[in-house]
Amino acid sequence: MTPKAYVCIAADLAAAGVEQIPAAFITAEHLIYNSPAALAFNSPGAEGFGVKRAGLAIPGSVMLLVGPGCCGRNTTILSEMSGYSERFFFYIMDETDIVTGRHLTKLPQAVGEICASLEARPSVVMICLTCVDALLGTDMERVCRKAAAAVGLPVVPCYMYALTREGRKPPMVAVRQAVYSLLEERPKEADHVNILGYFSPLIDSCEIYPLLRRAGVKKIQEISRCKTFEEYQEMGAANFNLVLHEESRLAARDLQERLHMPGVELTRLYDIEKIRRQYAIFANALGMTFDDGAYFEEAKEAVGLFTAMHGDTVFAVGEMANADPFELSVALCRYGLRVAEIYGTVTPERFVYIRQLARLSPETKIMSNLSPSMLYYEPDAAVTATIGKDAAYYHPDAARVLWTEERQPFGYAGVTKLFRSLQKVMEKGKGE
């Protein structure tokens, strides 16, 4: 019998429920298949804004990566990127370090040597730890305090612990908390707002900026737009935080406890009706109304033009994209389009969308990029367009929109840009 990739259709997955998620979707139940789709997802430091690059979000910061040589292999590629080559340093652990923990006594000296070697004094030294120190049970907070006392500047740990990926504080949650941990409380400015969530800015066309300004906000701050450490510290004066990514919840909670700075969370959505309802709820919480009609109509027009011209498009949607693949698939189905396949991580939180898919498109096939059975994956010949880098890999002959740009799409502007991109690639016949 020829092996096949494990597939579960939306109707069956929804019927099974949260308590009976198939083992193929639970990574702790089997070996993890590092498919090209999983390379960026599986390792916290592999690509894009993994722990190592995210840890350098603070302006003027440098990083000391502590681990065996194999753990730094991706960093050598990242350090070649513009602006990063002078910001990475390595402490390569040998067998004695691993067995005895000897490296912990040397880190304060290593931090001192880094600071002495630089022309400009860094604002903070981030120490990036690997799974070795997770297994050793290292108290890196104490080590960092000792290093900070030795050099007279902040030294902050961040953890590239792939072992904690499915725990209470996964690496990308922990690093978000770390990069905001140096903010100090300042007198509150009623018209200042922080946007938390991403390590790169929202696309300039995002309607959040003008909507907030019309509501009286004069200063909108994102860590990715801070040029200096002082600009970063000005985030401590914000009246509230606008949280746009679930992995920033812990950071927002920490800021609320430490700096008495409340947070409001918005979700990235691709269903324009849900976007409109979300903005209405947000505006009501602020005691005002948003005039978002023009942005809604622009997005509606982009969707309508695509569906009118390419309504027979059959999609495969992946998780290597600036979208939740399940929410995006629900939105596509609501627009009257067909989604044949989804590659995504099935978690209890995703069932709100999986149940909707079961009603709108019960035969949509769902599979996991991390399942070893994907070795035997055979693409659905009906698919004519893909969204996501992983979906593009699985369907090399389909029109594709990778949707992985660093500047983050959000709200109506994200929908408008996505459907204009889809329109463009369908006209060309292949894709990005």
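In the predicted model, the side chains of Arg407 and Asp204 form a salt bridge, with an N to O distance of 3.1 Å. Asp204 is also paired with Arg225, again through a side-chain salt bridge, here at 3.2 Å from N to O. Asp204 is placed in the loop between β6 (189-196) and α10 (208-214), and Arg225 in the loop between β7 (219-222) and α11 (229-233), so this second pair ties together parts that are 21 residues apart in sequence. Side chains of opposite charge can pair when their charged atoms come close. Over the whole structure, the search returns 19 salt bridges.

These pairs can be placed within the overall architecture. The domain assignment divides the chain into domain 1 (11-16 + 291-428), domain 2 (51-179) and domain 3 (192-266). Domain 1 is thus assigned two segments of the chain. The secondary structure comprises 18 helices and 14 strands. Along the principal axes, the C-alpha atoms occupy a box of roughly 65 × 60 × 40 Å. The radius of gyration of the chain is 23 Å, in agreement with the value near 22 Å that a compact globule of 432 residues would have.

The contact between domain 1 and domain 3 was examined further. The C-alpha centres of these two domains are separated by 28 Å, and the contact draws 14 residues from domain 1 and 17 residues from domain 3. The size of an interface is often given as the accessible area lost when the parts come together. Between domain 1 and domain 3 the buried area amounts to about 1,300 Å², with carbon and sulfur atoms contributing 59% of this area. On the side of domain 1, Arg407, Gln408 and Phe410 account for 52% of the area buried against domain 3, more than any other three residues. Arg407 therefore combines a part in this leading trio of buried area with the salt bridge to Asp204.

Polar interactions also span this boundary. Two salt bridges are found across the interface of domain 1 and domain 3, and nine residue pairs are in polar contact between these domains, with both residues of each pair at pLDDT 80 or more. Helix α18 (residues 411-428) provides five residues, the largest share of the side of domain 1 that touches domain 3. Classified by residue type, this side of domain 1 contains five nonpolar, three polar and six charged residues.

How values were computed:
Residues numbered from 1 in each chain as written. Predicted model: local features only at pLDDT ≥ 70, side-chain atom pairs only at ≥ 80, totals over all residues. Heavy atoms only, no water. Domains from an automatic or database assignment. Contact = heavy atoms within 4.5 Å. Buried area = accessible area lost by both parts, 1.4 Å probe. Salt bridge = Lys/Arg side-chain N within 4 Å of Asp/Glu carboxyl O. Polar contact = N/O pair within 3.5 Å; in protein donor to acceptor, adjacent residues only side chain to side chain. Helix = DSSP H or I, 4+ residues; strand = E, 2+ residues; numbered from the N terminus. Nonpolar A, V, L, I, M, F, W, Y, C, P; charged D, E, K, R; others polar. Rg over C-alpha atoms; globule rule 2.2 N^0.38 Å.
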